[in-house]
Structure formats: C-alpha cells, structure tokens
Amino acid sequence: MKHDQPDLSRRGFVRGSVLSGVGLGTPALLPVVSAHATEASAEAEGHSSGACRPGTDFTEQSAALTPDRTVATACQFCNSNCRLNVDLKAGRVLAVRGEERDPVQHGQVCVKAELMPQLVYNPERLTRPLRRISGAKGSPHSQFEAVSWEEALRVIARKFLALRDAGQAHTIANRTTGRMPRGTGSLVARLFAMLGSPNNTDVGPVCNDAGGNALATTFGLGNFTNGYGVDGATGEDDLGSARHYLFLGTNQAETHPVTFDYLLRGRKKTKATLTVVDPRLTPTGAAADRWVAPKPHTDFALLLAMLHHIVAEELYDKTFVERWVVGFDELRAHLAEHRYTPEWAAKVTGVEAAVITEMAVEYATAKPAAIFCNAGISHQLGAFDTYRVTTFLAAITGNIGRPGGGCNFMHNTWPGDLRLPPLAAPVPDRHQALPVGPDYFAESILTGSPYRLRAVMTQGNPLVSSANTTRVKKAFEQLDFFVYTGLFMEEPAYYADIILPVCSGLEMEGVYMRRDDRAIRWQDQVVDRVGESRPDWEIWVGLAHALAELDTRRPAAEWRAAFPKRWMDYRQLWSDFIAHTPGAAGMTRDRMRRRTEPLRWPCPTEDHPGVSTLYLDHPRWYEAAESLDPAHRGKRFLTPSGKVEITTPALEKKLAVTGHSALPVFYTHPEVTGRNPTLAYSRKFVTNPLNPQAVTHPVRLGVPGSDSVHRDFPLMGMTGRPSVVHFAEITHWTRTGKQLNGIRFIQIHPDTARRAGVSDGDDVRVESPRGSVTGTALLWEGIRTDTVFVPNTFGPAQKVGDVFDDPRYAAANTLPDDGFYDNLSGQQAFKCFACRVVKA
C-alpha cells in the first residue's frame, strides 16, 4: 500500500479564487475568498493594497462591481448541497461564493457553482410553453408554436381525462427526476391517485434505488446512515472520525467534491486508511492507500469473499452480533456451503486473493469503518443483492449505529416522501403499475406488455439516461402523447406534443437539492424567472386546476380542494409538508434560513438537532424513531424484530417469489467475461415485494453463463460521469461545461489500444450488440486491459458545444442492454456491456 498523500489530494481538489457568474476557466474545487477583500487584510499580508500580486481583487471599491445585495441559496447539482452566497448588482449575478461558516463546506464550491448563473443567462432557454404543429416525432425539423400556459395545461388535461373516461387511466405515466424542487413527486402522486393511474414513477431505477431498498430491508430505513460534520446530539464528529473508508463504485472526488474534501480533512487528523474499488483509476482512487480494480459487475463476489473471511476468521463483533443481529448463524452456514472464499472470488474478479483478505482484515479491525457506495454498485444487474451483502459487512463488524461507520449509499436520501394533508376526495381503484423503473416504458409502448402506455410526461431526459437508447427512441416515436418539461430543447423535446419551460435553481425559493446524509437547506430566490418559466410544483398545481375546469365526472371543487392555490407559494406548501411528514416537524423554513449548515432528517421538533447517525443508541435517536411511527417506540433498528435482519422466515418468503433469497447467491451480468453464473427471466409477472404497487418478472439464478458474445465483442464497457464538470445532461448546456469537457474521452488501456490499432487522440467507435457511439481515444494506464470507459450524459441535441467545435454525440446508453436489470429495484445495468473499439 502507498502512504497517505494528503498534500497531493488537496492540491488536486482545493485551489483557486473567486467564482464569477461568467468565468470560464475554473479549478475543480475552490475555497472561495470574499469577493471584496478589505484594505486591512491586504496590509496584514504585508503588501500595498495597489500592488499587483496573486489574489489581488481589482473589483474592490468599484462602484459598478460592488454588490448591492447578497442572496443565500444552494447549488442544484450534486448531493454535496453547497450553500451559495450570490452577490448581485441591479439584479444581475456578480459572483458566487461558498459558505465559510459551514464546517463541512469549509467555504468551498466546485466548478459547477459557476454553471448555476449560466443556466439562467442562456440564449438556449425555453421561455414559453410550446405545442407541436408539424414534423415527425423525434425529427430535428419538428415545428412548434408558442401557446399560453392555460392552453398548454388544458391540452394535457383533455388528453388525460379522455384516457381516464375510456377506462385507460393506467396508460398515463409520469417520470420525475432528482433535479426537482422537493415534494413535487408528492403532488404528482396525488394527481395520479385522483386520475386512477398507478404509474407515477421516479428516476430511482436509473439512479440509486437499490441501495435504499437494501438498507430498508436490513436496518429499517432506506437512507444514508451517517452524517457529514458534527452530530448535534453528541457533539462529536461523525463521518470525519472514521479510521477506515471503503469506497465501492464511487468516484466521490468528482461526483461530490466538497464532501469528499471534508473526508480528506478528517482522514488527515485520524490517519484513516482509504481503499477504493473501481475498475479504473479516478481522482478518488489516486487519493487512496489502496486502489483495487475488479472486473466490472463483480463487486458482489468481492464482498461475499470479504464477508466469508471475516466470519471464518472470527473477526466479527461478537457482542454486537449476539445482541443486535438476526440470522448470523444462517449466514455463516450459507457462506461456508457456497465456499465464497477469497480464492474463489479471485477467479471471478481478477483481484488477488491476498488483496481481498487484506481488505477484509483492514475493514473488520479498523474501528470505526465507513462504507461508501454510489452508481458503480447501483448500476449492476445484482444491485440489490450486492448492497445487501454490504449491509451485512457493516452489521457483523458493529459498524452500524456508530459514528464514523455505517453504509453510506449515495442518493438514497430524504426528503422524498414528503406527505400532504389526507386526500378527502374519493379515488378510483387502480390497475397494477408497470414493473419498477421508467425504462420499462419502452417495453410497454413497443410490445403492449403488460399493457401499452399512451400518454407520458417527463421531468428528466429518457433519451439520454435510459439503456438501449435506440429502442427508447423507437418507443417515443410511437407514443400517442408526450409532454416534456425542461430548461432547454433536449433530446426528448423533439418527440413532445407539449413542451413546458421550467425554472432553474436560482429562479425559485424553497428546498431544491439535498445532501446525501438526509440534510437539506432552504434557498431564497436569487433572480427573476426567465420568460414565462415556472417551477415544477406550480405546473402540477396548475394542471390540477385545468382538470377541475374540464372534468365532467369529478366535481371541480374536489380538484381545487385537493390542490389549493395557496400551494403556488412554496412557503405554504412546505408548511403543509412538514406538518404531515413524520419526523420533519422541526424543519421549518425560518429555522433553515437561520442556519449556515443544512439540517438533517429525522428532526421531529424545533429543538431537536436532527439525526446524524441513524440507529445510534442515544435518546435523540429513539425520540426521532418514535416520531416516524409510534410503533417504533423503544426500537433501535426499525425492522419487525427491532434488530438488524440478515435473514428471517418472513423475509425469505417475501423475496422467494421473485427468485431471490434473503441470503444472496452469486450471479452477474451475462456479458461479464469468464462464463459466470447469471440469471434468466420468467415471462410471467408477480407482485414486486419491495415495491408492491408494481409487478416484476421472477428470475432463475445460477444459470450457466456463456462467452459467445465475446467472440465478436471481446471487451467489457462501462458508462459513468465524464468529470467533475458535469452533472447529468443539464451542464452540457453551459458554455463552461462544454469548454472544459465537451469532448467524450473513451478511456482505453494502452495495451488494448495497441492491439486495436488505436493511438491516443484518435477518433474511435465503441460498438456493442445494441449499437455504437463515437468519441476520442484517451489512453489511460489506470484502467483494466479488458475494460473500456464511455462517459455518459452526452447527447445529440447539445448545441452549446458548437461554438467550441465539440462533436454532437449519440447517447452512451445506446450500448447497454435494457433487457437485463435488477428485478427487485428496477436498476438498469449500465456498468457492463460487451463491446469492441475500432478507429472511427
């Protein structure tokens, strides 16, 4: 192992100066200094205030550039949830600064902070509702005309009511996205309940639902278990106090740079070790003591082997297991029966058995030890089962309910289930929902199985985010009616019948993003809305009132009572949310506005500090747990037994209907090399036990794998975020985003590239059995020789890059197979597909 290199890590992520709203060249992570340094501070540095020196602020005492006000808001991008202090002059953004009084943020922001104003001041913004008037769906030559909001909402309402009146309410679907004001999904669910449709879905199955499902199954809540910063209940640091960090499938240095820097600061104090598991070397791996590169989609085997070694060598926490764990003896027998040894895992993963053993010992003996996971685990065929094994590791080593430990699976965070006052209006019986996951939309539209969707509304971009994009395009071409809501004319807009313009984060007040550890901030509105754009919650309240005007079956008064116009004001909507959401009563607007740090849920009263460490044996946790459900009184873990549940007869029975077991058995994607055991799907449907409103296909596990696909496609491809610059597709619509990272760099090992006749900088094509995409070869020794990395979030509609002569790329998700997915969580398997690389 190499030694800790905190200086290298901090040079890589922390440097820089003030962020302006229009600057272009910005480092990855910036400790933002005040935009208006005082003369006293200059003298303290021993310099003349007029001297030309690094850090000189030439806006000091500038009449034109001295802000007339500063507004506290929050970043809308990653789940670091950074406070942004935005300086304005005459209503225009001058600078974006971090929050120095937040000990986690530490005054820092990353490069994406300056992209926030670029979403506002952007000539490509949608500013009025549009209606299709000509052109084939999907054609870039589609023509649209501007219409009023009233007319746009009436068109949608007429279509929805016509389907409902024809007995087809279940053929109406909506797909939300994570980049929306909190609680919008609750409004969608309410409206769909009144219509009678079960298909109000979210983006979780293409994001990180599996982790939340696993956490809820084992511990009782589907949330990130520990917190960044000081726990208000104990006064002690939580995640910064870990003595070991195990990162699996997460490149936090680029995906959550501010919170990662907080961990590095804690690591410097505690001398904590860091192991990063990823098939390619990332900035996160570069900061690690140990970088481990298994084959894609084989983390499941790696974790099983670690678990086997810890149990076999009795490195587990015997006291904790005896007191708090149900099913340990069954787990021990299961591991022994299947011989999930490090030697077995070495053959599956390509990681030496000795390395797996070292990882197991280090994790089990470091006290406390924290696990972090992200999309690298979620986007696997066995995501739920892999996450379950991860929870077992934390449980048997006593690293759950402990500061500095836990299972910190990113994105599975509150708030999401924000509740509204009970619905007084009667609701019709609903048809069973489609299988979990918005990517099942294409199957439904193209095959009619289990029934055909006819009207879809989206707040995300399924034409870039969904697997097997070519097939998804065909589906949206055949969809009867489609409503796209967004900031720009993204790819799905060209398939739409109605286009609705939404606000960016600086144009609204409320709770927008959330930090991974269940922490939220209140953000004030910074600038006026662009054109006629509206925030999402207003769109849904407005649609309910359009339904009230046109509905001939349900009294208008029922729609209006269910969606009072006062909810157009997010302050009043939020008040109703926290009044009816368990564990949220202490999260008032006034309290959050006074805070420089975000506030964590659960937080049942205004004098409660919020919970940092879930399941901590502490009065504040028991108080919060009871606020979630009176039945939790006295419970430490919120499972039926009140303990960690590895396996129980009830859980075994619950999962068996889908082909799974409470004690997971190994399988992986059929396109992983090595003829590993995989699975086969039944054609029938059963009720999904984790998401009982929906159905799923049962699976048969342990089906022998085949290497036949690798005769033509010998490599394994994986998709992921391009760099720290980008967050989903939306940052590709900013000039800075496209200047800094407008080229799709295909990472290939030099030895692999040599065999393919590819040189660094060549235009290349990555081909899979589903299709092909292009990019620029980036020869990178920090990637497995059998693996190719294809950055996602690029799309053909992203015209902002044209000024830099950036290519228009097809979506990377053209390459994965949408036929293989986790049948429990609905997660799509973006992290492995058979492929080859050729010169373009």
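Select the charged side chains of this predicted model first. The protein chain carries 93 positive and 91 negative charges, and the mean positions of the two sets are 3 Å apart.

Next, display the entire protein chain as a C-alpha trace. Along its principal axes, the trace spans about 80 × 65 × 65 Å. The radius of gyration is 26 Å, which agrees with the value near 28 Å that a compact globule of 840 residues would have. Switching to a cartoon shows 27 helices and 33 strands.

Now add the surface. About 28,800 Å² of the protein chain is exposed, and carbon and sulfur atoms supply 50% of that area. Colouring by burial marks 64% of the 840 residues as buried. For the contact pattern, consider pairs of residues at least 6 apart in sequence: 73% of such contacts join residues at least 24 apart.

Then select residues 68–124. An unreviewed UniProt entry annotates this segment as "domain: 4Fe-4S Mo/W bis-MGD-type". In the model, the segment is 11% helix and 39% strand, and its end C-alpha atoms lie 28 Å apart.

For the last stop, centre the view on Ala728. This residue sits in the loop that links β28 (715–720) to α26 (735–741). Which residues does Ala728 contact, leaving aside its neighbours within four places in sequence? Show Arg179 and Thr793, which are in contact with Ala728. Finally, add Gly460 to the selection: 268 residues separate Gly460 from Ala728 in sequence, while their C-alpha atoms are 9.6 Å apart in space.

Key: Residues are numbered from 1 along each chain as its sequence is written. This is a predicted model: local features need pLDDT of at least 70, side-chain atom pairs count only at pLDDT 80 or more; totals for chains, interfaces and linings use all residues. Side-chain values use heavy atoms; hydrogens and water are left out. Helices (H or I, at least four residues) and strands (E, at least two) are DSSP runs, numbered from the N terminus. The radius of gyration is taken over C-alpha atoms; the globule rule is 2.2 Å times the number of residues to the power 0.38. Buried means under 20% relative accessible area, exposed over 50%, partly exposed in between (1.4 Å probe, protein chains only). Contact means heavy atoms within 4.5 Å. Accessible areas come from the Shrake-Rupley method with a 1.4 Å probe; for residues, only the protein chains shown count as cover. Lys and Arg count as positive and Asp and Glu as negative; His and the chain ends are not counted. The place of a charge is taken as NZ of Lys, CZ of Arg, CG of Asp or CD of Glu. UniProt positions are given in the numbering used here, feature names are shortened, and annotations may be inferred rather than shown by experiment.
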